[in-house]
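Hello,

Please find the model we spoke about below. My notes on it follow.

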Amino acid sequence: MKKPLIAVSLAVAALGVIGGCATYDGPRDYAVGEERVVQSVEYGTVQSVRAVRLDERGAPVGTFAGAAAGGILGSAIGGRGAGGAVATILGAVGGGLAGNAIEHDATAHDGEQIVVRLDNGATIAVVQGGSAELRPGDRVQVLNGPRGARVERA
């Protein structure tokens, strides 16, 4: 009886780690690696701002953690023999799907697509997390750095 309890505990712990992987990429958030890094700056005027939803579609952590936890749980419940192998496979597949969904939900956050007419005449669009509370006509600076571009009030 202890094996299923241990497996369930491991599954819950693995999926809890996935939830802790959520990131936020707001207009004021910087990574430690961006310290002391030169960024180019361009100035312009906001043309439009549109709300968007951002999520982490390519991150495999949730899928792998869920599959491992599901496989352990299926193995503990299924026992030995052919039934155990089937339970392990089904547990791994189900756990992988559940882990992927949990990570997808944990990393999703609101953002904005900001279209800016630069002073040089070019028009660009930048998608960034959070809300910069910008409106059409606002004067902004566009910072281009190692993690891409961001738009901030000038």
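The backbone nitrogen of arginine 135 is 2.8 Å from a polar side-chain atom of aspartate 138. This is a predicted model, so please read that distance, like every other value here, as computed from predicted coordinates. Aspartate 138 sits in the loop that connects β3 and β4. Its relative accessibility is 18%, and the cut-off for buried is under 20%, so aspartate 138 counts as buried. Beyond neighbours within four places in sequence, aspartate 138 has contacts with Gly44, Thr45, Val46, Glu133 and Arg153.

Overall layout

The protein has 3 helices and 5 strands, and along the sequence they come in the pattern α-β-α-α-β-β-β-β. Of its 154 residues, 31% are buried. Taking contacts between residues at least 6 apart in sequence, 70% of them link residues at least 24 apart.

The sheet

The 5 strands make one open sheet, ordered β3-β2-β1-β4-β5, with antiparallel pairing. At its edges are β3 (123-129) and β5 (148-153), each of which pairs on one side only. From one strand to the next, the twist averages 40°.

Going through the pairs for which I have details:

- β2 (residues 109-118) and β3 run antiparallel and are joined by 7 bridges. Valine 116 is opposite isoleucine 124 of β3, and isoleucine 114 is opposite valine 126 of β3. The two strands form a hairpin with 4 residues between them, and glycine 121 in the turn has a positive phi of about 100°.
- β1 and β2 are paired antiparallel through 10 bridges. Leucine 54 has histidine 109 of β2 as its bridge partner, while threonine 45 has arginine 117 of β2.
- β1 (residues 40-54) and β4 (residues 139-145) are also antiparallel, with 6 bridges. Here threonine 45 stands opposite arginine 139 of β4.

Threonine 45 therefore appears in two of these pairings, with arginine 117 in β2 and arginine 139 in β4 as its partners under the rule that bridges define pairing. Threonine 45 is also among the contacts of aspartate 138 listed above.

The core

Which residues make up the largest nonpolar core? There are 10 of them: Val46, Ile114, Val116, Leu118, Val126, Ala132, Leu134, Val140, Val142 and Val151. β2 and β4 each contribute at least two residues, and the largest share, 3 residues, is from β2. In soluble globular proteins, nonpolar side chains tend to be buried together. As for β2 itself, 7 of its 10 residues are buried, so this strand is largely enclosed by the rest of the structure. Two of the cross-strand positions named earlier recur in this core: Ile114 and Val126 both belong to it, and isoleucine 114 faces valine 126 across the β2 and β3 pairing.

Two further residues

Glutamine 141 is part of strand β4. Is glutamine 141 buried or exposed? Its relative accessibility is 18%, so glutamine 141 counts as buried. Leaving out residues up to four places away in sequence, glutamine 141 touches Val41, Glu42, Tyr43, Arg150, Val151, Glu152, Arg153 and Ala154. One of these, Val151, is a member of the nonpolar core, and another, Arg153, also contacts aspartate 138.

Glycine 33 is in the loop between α1 (2-19) and β1. With a relative accessible area of 61%, glycine 33 is exposed, because the cut-off for that class is over 50%. Glycine 33 and arginine 147 are 114 residues apart along the chain, and their C-alpha atoms are separated by 9.3 Å.

Confidence

The average pLDDT of the protein is 75, and 57% of the residues score at least 70. Over residues 18-22 the pLDDT is below 50, and this stretch has 11 contacts in the model beyond near neighbours in sequence. Those contacts belong to a stretch with pLDDT below 50, and I have listed none of them individually.

Regards

Key: Residues are numbered from 1 along each chain as its sequence is written. This is a predicted model: local features need pLDDT of at least 70, side-chain atom pairs count only at pLDDT 80 or more; totals for chains, interfaces and linings use all residues. Side-chain values use heavy atoms; hydrogens and water are left out. Axes are lines fitted to C-alpha atoms, for helices over the stretch in contact, and angles run from 0 to 180 degrees between N-to-C directions. A nonpolar core is a set of buried Ala, Val, Leu, Ile, Met, Phe, Trp, Tyr and Cys residues joined through side-chain atoms within 4.5 Å. Buried means under 20% relative accessible area, exposed over 50%, partly exposed in between (1.4 Å probe, protein chains only). pLDDT is the predictor's confidence in each residue, from 0 to 100. Contact means heavy atoms within 4.5 Å. A polar contact is a pair of N or O atoms within 3.5 Å; within protein, one must be able to donate a hydrogen and the other to accept it, and residues adjacent in sequence count only if both atoms are side-chain atoms.
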